[in-house]
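Colleague: I would like to go through this model with you, one question at a time. Please show it first.

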Amino acid sequence: MAITEGGNSTPNEWFRNPDRGDGEIYVMSQEIDEAVNVALATGRPLLLRGSPGSGKSSLAPYVARRRGWRYYEHVITYGTRSRDLLWRFDSVRRLADAQVHRQESPPLDDFSYLQPGVLWWALAPRSARRRGRAAAEDEPPAEGIEDPFAGVNGDRSIDHAVVLIDEIDKADPDVPNSLLVPLGSQRFTVVETDTEVWTEPPTGPTDPLFSRQLVVITTNDERELPQAFLRRCVVVTLPDHDVRSLVRIAEEHMRSWHGAGGAGHLRLAEAMAVELGRVTEQAAAQGVRGPSTAEYLDALRACVTLGIGLGSERWEWLKNCVLVKRQQIYGDGW
């Protein structure tokens, strides 16, 4: 594809979309930046509230990338238990192996059935690599299992980490309550092996005034969170973006789009942001969810790539595909 007005991407660059979660693009307000610093100064988790598509999940990988810290994430489901964030123990495989080895050879030790969770990797990466086994005197530093995010963390600080716990409101209320102790004390015990895990000492100079781990938790407020949990978090609500902030976000994203970013495309981004406000008002009048920032970026990218102009017949069709989502509309539609 030819590079046109304002483009600075290369043809071989990996295709990017707003949901990649690689932390390369994020427009951080002064308030959000300050909230991150408060969370690090207090050692508290940062709880992000906001509508779907407002950028809650994108903050953690961005902070990790910008600071050069290791990054881990766990997306909560309705079946998630708090222990899944700390460790998992494969008792079924252990039982099967025990039945086999009973006739052949001694079974593997219980450490072999442990799978460290994201909080274990964040607090104690060397222990997680060994699954909690005591280090042998002649053991090489890198001996053990591989970091589950090794592709991202290869050249990042071993002493610092960012953890994203995404959509905590999907979990049973017992999950956030059960995380209070390990998040507050930064230690926990693996019951199957009676192994105590705690924050490992740094390998190099660190700032003693700030926590070396940042836990970012997101919620769509689908379910009320326990008050005891909220009291132990730094809580920030991401606002809905206005025209100015949407254009700023679009400008940053268009830097990585082939053939985008010129003055004409910035005018298009502004006009589309105004149109987004109108569509959002219509959605609110209908009592349905309005389009998100991610959907705004999708519509803008489609217009830039396909040469679609606002107000055209193609735009009306695109709006219904990307912004309005007619399956959510009741009544006569738009």
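Modeller: Here it is; bear in mind that the model is predicted. We can begin with Asp 221, which sits in the loop between E8 and helix H9 (227-231).

Colleague: What is the phi of Asp 221 near?

Modeller: Asp 221 is a residue other than glycine, and its phi is positive. The value is near 60 degrees.

Colleague: Is Asp 221 buried, partly exposed or exposed?

Modeller: Buried needs a value under 20%, and exposed needs one over 50%. Asp 221 has a relative accessibility of 43%, so the residue counts as partly exposed.

Colleague: Where is Glu 167 found?

Modeller: Glu 167 also has a positive phi, near 65 degrees. At 21% relative accessibility, Glu 167 is partly exposed. Its place is the loop between strand E5 (157-166) and helix H7 (174-178).

Colleague: Now the charged pairs. How many salt bridges does the structure hold?

Modeller: A pair counts when a side-chain nitrogen of Lys or Arg lies within 4 Å of a carboxyl oxygen of Asp or Glu. The number of salt bridges in the structure is 14.

Colleague: How many residues apart are Asp 33 and Arg 66?

Modeller: The side chains of Asp 33 and Arg 66 meet in a salt bridge, with N to O at 3.3 Å. This pair links distant parts of the chain: Asp 33 belongs to helix H1 (residues 30-42) and Arg 66 to helix H2 (residues 56-67). Their separation along the chain is 33 residues.

Colleague: Which residue of the salt bridge between Arg 88 and Asp 84 counts as buried?

Modeller: The N to O distance in this salt bridge is 3.7 Å. Arg 88 has a relative accessible area of 45%, which makes it partly exposed. The cut-off for buried is under 20%. At 11% relative accessibility, the buried residue is Asp 84.

Colleague: Which helix holds Arg 126, the partner of Glu 200?

Modeller: Glu 200 and Arg 126 form a salt bridge, their closest N and O atoms being 3.7 Å apart. Glu 200 lies in the loop between strand E7 (195-198) and strand E8 (213-219), 74 residues from Arg 126. The helix that holds Arg 126 is H5 (residues 125-129).

Colleague: Which of Glu 200 and Arg 126 is buried?

Modeller: Arg 126 has a relative accessible area of 29% and is partly exposed. With 11% relative accessibility, the buried one is Glu 200.

Colleague: Which residues do salt bridges with shared partners join into one network?

Modeller: Here the salt bridges have partners in common, so the residues form one network. Its members are Glu 275, Arg 278, Glu 316 and Lys 319.

Technical notes: Residues numbered from 1 in each chain as written. Predicted model: local features only at pLDDT ≥ 70, side-chain atom pairs only at ≥ 80, totals over all residues. Heavy atoms only, no water. Helix = DSSP H or I, 4+ residues; strand = E, 2+ residues; numbered from the N terminus. Buried < 20%, exposed > 50% of the residue type's maximum accessible area, 1.4 Å probe, protein only.
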